[in-house]
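Trainee: I should like to study one part of this protein closely. Could you please take me through a single helix and then place that helix in its wider surroundings?

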Amino acid sequence: MSTPVARSKPLPSATAPSRHVYDVIVLGSQLGGALAAALLAKRGYSVLLVEHDGTGPGYEHDGFVLPYAPFIAPALKAMPAVEEAFTELSLTAALQRNLQPHTPELQLVMPRHRVDLHTDAARRRAELVREFDADGERILADLTASALQHEPSDAFLKEGPPLPPDGILESWNLKKRVGQHPGLQTEPRLAGEDEPSKLLRGLLPFVVHLDQPATPLARTRPLSQALQSPWRYPGGRAGLRKLLFERLVELGGDLLSPENTDTYVVEELHFDGGRFSAIKLLRSDTLYRASCLVSATDAGALRRLITDRKKHRGLSEHLDLSTLKSFLFAVNWVLPEAALPRGMGELLLMDTQDAELGPLLVQQHPARTPEGKEDPSLRVICAGGFVPASVRDLGEGYLQSLAMRIDAHLDALMPFSKDKRLLRSAPYLDAGAVRGSRLMPHPHYVFDTEAVLGVTGLKQHTPTKNLLLAGREVLPGLGLEGEFLAGARAVRLVQEMMKKKAVLKR
């Protein structure tokens, strides 16, 4: 089954914005920054978004545009605070229209079992009972309950709590709010030691950015959202980002991205004493100034733009609190659709029995050319598993061996298909010419900070008072929802900082 591609108009071409002074500059390509930029423009602020680390809508290899990794997104209704932000931007209908289910919703592949988890409750029950007899009823009950476990924490997050809190007063107020929401401490229902329950828990790393989530909220909410509706958005993260970029431009914001200019890479940050003052682009003498900078790039990438780290030691040390622990390593196969095994699902979670690689998430995509054309007779199979960050230091030979191990699992999943594949490509190895490709589409972090409710990472306020963070390291334990929540909260912090009355735009 082919997934419809969101047909959006190309972003306007430009060499550089005509203005050089803004209320806010948003730096980076992560979704929290894209949301923040669009919301600020909607509220009447002058905004420049510089993508800087953007990888674009995929990478090109031998005539195909391929995904960097499998990507699933929960339904908007499962993220009510995020839904409010998209409603303000008049994007709710567009997002819901383009979100597409997989068929079946999720397929579990184990050494001795294969289970199709259909949306239809009766078919789902029949599958589980067929494979696991009496245990199937218990597994179904746990799975059904797990898919609802995000709901008790909806009200808390809809209140816009200060996560992470900044200072004693915010911490005290947050603790008081947490006490009013006992559902935040509910343990995961999907706790069985049977094969399917353990494999389903293996979906959690694919929907958070936190290494080894340990608290109830971090282990239940993102997994529950994904189990309720593991949907796809055409183009993955890049598709969502482009939707927000287009709205930003419609609202009068300026955008520098690889799609509309070749001058979008920031060379360094400029400061005026202890405050951010401007950015300087590579191969340009122009300074773009702003009253506030919102960073939506990884801490390591931002740190590299601070040329005098001794002078800005506090900011550097703040960014040093985040450490990359692992990342999603993926392999793409391009195959004739006729070569796929009958009954193979569009989204699979596969038990590899490999202690280092863990479960593989496997997702089907339409084959697409650089011109955006789809070939309905071809499919892209994208498979990814998490590997330690340290493998980057082991050389290309070791990375090739990782890709071959994923190849072997795909070969077992799709017997007799390997000889018919048209292309095999590993993004980490074959997308080297694309800027940002090695920033990794789905990293896991550890933090040298207190993890409030087990979901927080870096504080949004930094020692540089007019420099805020809105990247995936702010709320890593809430995954995609956390990225959007960080962006929405950054908007509130900018408004408090600038004390400028918002003027809503249509």
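Mentor: The account below begins with one helix and then moves outward to the cores, the empty spaces and two further helical parts. Please keep in mind that this is a predicted model.

Let us begin with helix H5, which covers residues 134-146. At 1.5 Å a residue, its 13 residues should span 18 Å, and the end C-alpha atoms lie 19 Å apart, which agrees. The buried residues in H5 are Gly136, Ile139, Leu140, Asp142, Leu143 and Ser146. Seen down the axis of H5, these buried residues fall within an arc of 165 degrees, so they line one face of the helix. What lies over them? The cover includes strand S6 (114-117) and the helices H4 (121-132), H8 (195-201) and H9 (216-228).

We may now turn to the nonpolar cores. The largest has 90 residues, and the members that touch the most others are Ile25, Phe86, Leu269 and Ile279. Helix H1 (residues 31-42) supplies the largest share of this core, with nine residues. Leucine 269 deserves a closer look. Apart from its neighbours within four places in sequence, Leu269 is in contact with Leu27, Phe276, Ala278, Ile279, Leu293, Leu302, Leu305, Ile306 and Leu467. There is also a second, separate core of 29 residues, and among its members are Val115, Leu117, Val207 and Leu223.

Empty space can be examined as well. Rolling a probe the size of a water molecule over the atoms shows where such space is left. A search of the whole structure finds five cavities of 30 Å³ or more. The largest cavity has a volume of about 70 Å³. Ten residues line this cavity, and the closest to its centre are Tyr68, Leu328, Pro427, Tyr428 and Pro441. Strand S11 (322-336) and helix H14 (427-430) are the elements that give two or more residues to the lining. The largest share, four residues, comes from S11.

A pocket offers a second example. The second largest pocket holds about 610 Å³ of space. It is lined by 25 residues, of which Arg201, Pro205, Gln212, Pro213 and His444 are the closest to its centre. Helix H9, part of the cover over the buried residues of H5, gives two or more residues to the lining of this pocket, as do S11 and strand S14 (374-388). S14 gives the most, with three residues.

Helix H13 (residues 396-413) allows the reasoning used for H5 to be repeated. Its 18 residues should span 26 Å at 1.5 Å a residue, and its end C-alpha atoms are 26 Å apart, which agrees. The buried residues of H13 are Leu399, Leu402, Ala403, Ile406, Asp407, His409, Leu410 and Leu413. Viewed down the axis of H13, they fall within an arc of 165 degrees, so they line one face of the helix. On the other side of H13, Gly397, Met404 and Ala412 are exposed.

Finally, consider glutamate 483, which is placed in helix H15 (residues 479-498). Is glutamate 483 buried or exposed? With a relative accessible area of 2%, Glu483 counts as buried, because buried means under 20%. Leaving out residues up to four places away in sequence, Glu483 touches Gln30, Leu31, Gly32, His209, Arg237, Ala470 and Arg472.

Terms used: Residues are numbered from 1 along each chain as its sequence is written. This is a predicted model: local features need pLDDT of at least 70, side-chain atom pairs count only at pLDDT 80 or more; totals for chains, interfaces and linings use all residues. Side-chain values use heavy atoms; hydrogens and water are left out. The expected span of a helix is 1.5 Å times one less than its number of residues. Buried means under 20% relative accessible area, exposed over 50%, partly exposed in between (1.4 Å probe, protein chains only). The arc is that of the directions from the helix axis to the C-beta atoms. Contact means heavy atoms within 4.5 Å. A nonpolar core is a set of buried Ala, Val, Leu, Ile, Met, Phe, Trp, Tyr and Cys residues joined through side-chain atoms within 4.5 Å. On a 1 Å grid over the protein atoms alone, a cavity is a set of points where a 1.4 Å probe fits but cannot get out, and a pocket is an open set with protein on both sides within 12 Å along at least five of seven lines; lining residues have an atom within 4 Å of a point. Grid points are joined across faces, edges and corners, and a volume is the space filled by probe spheres set on the points.
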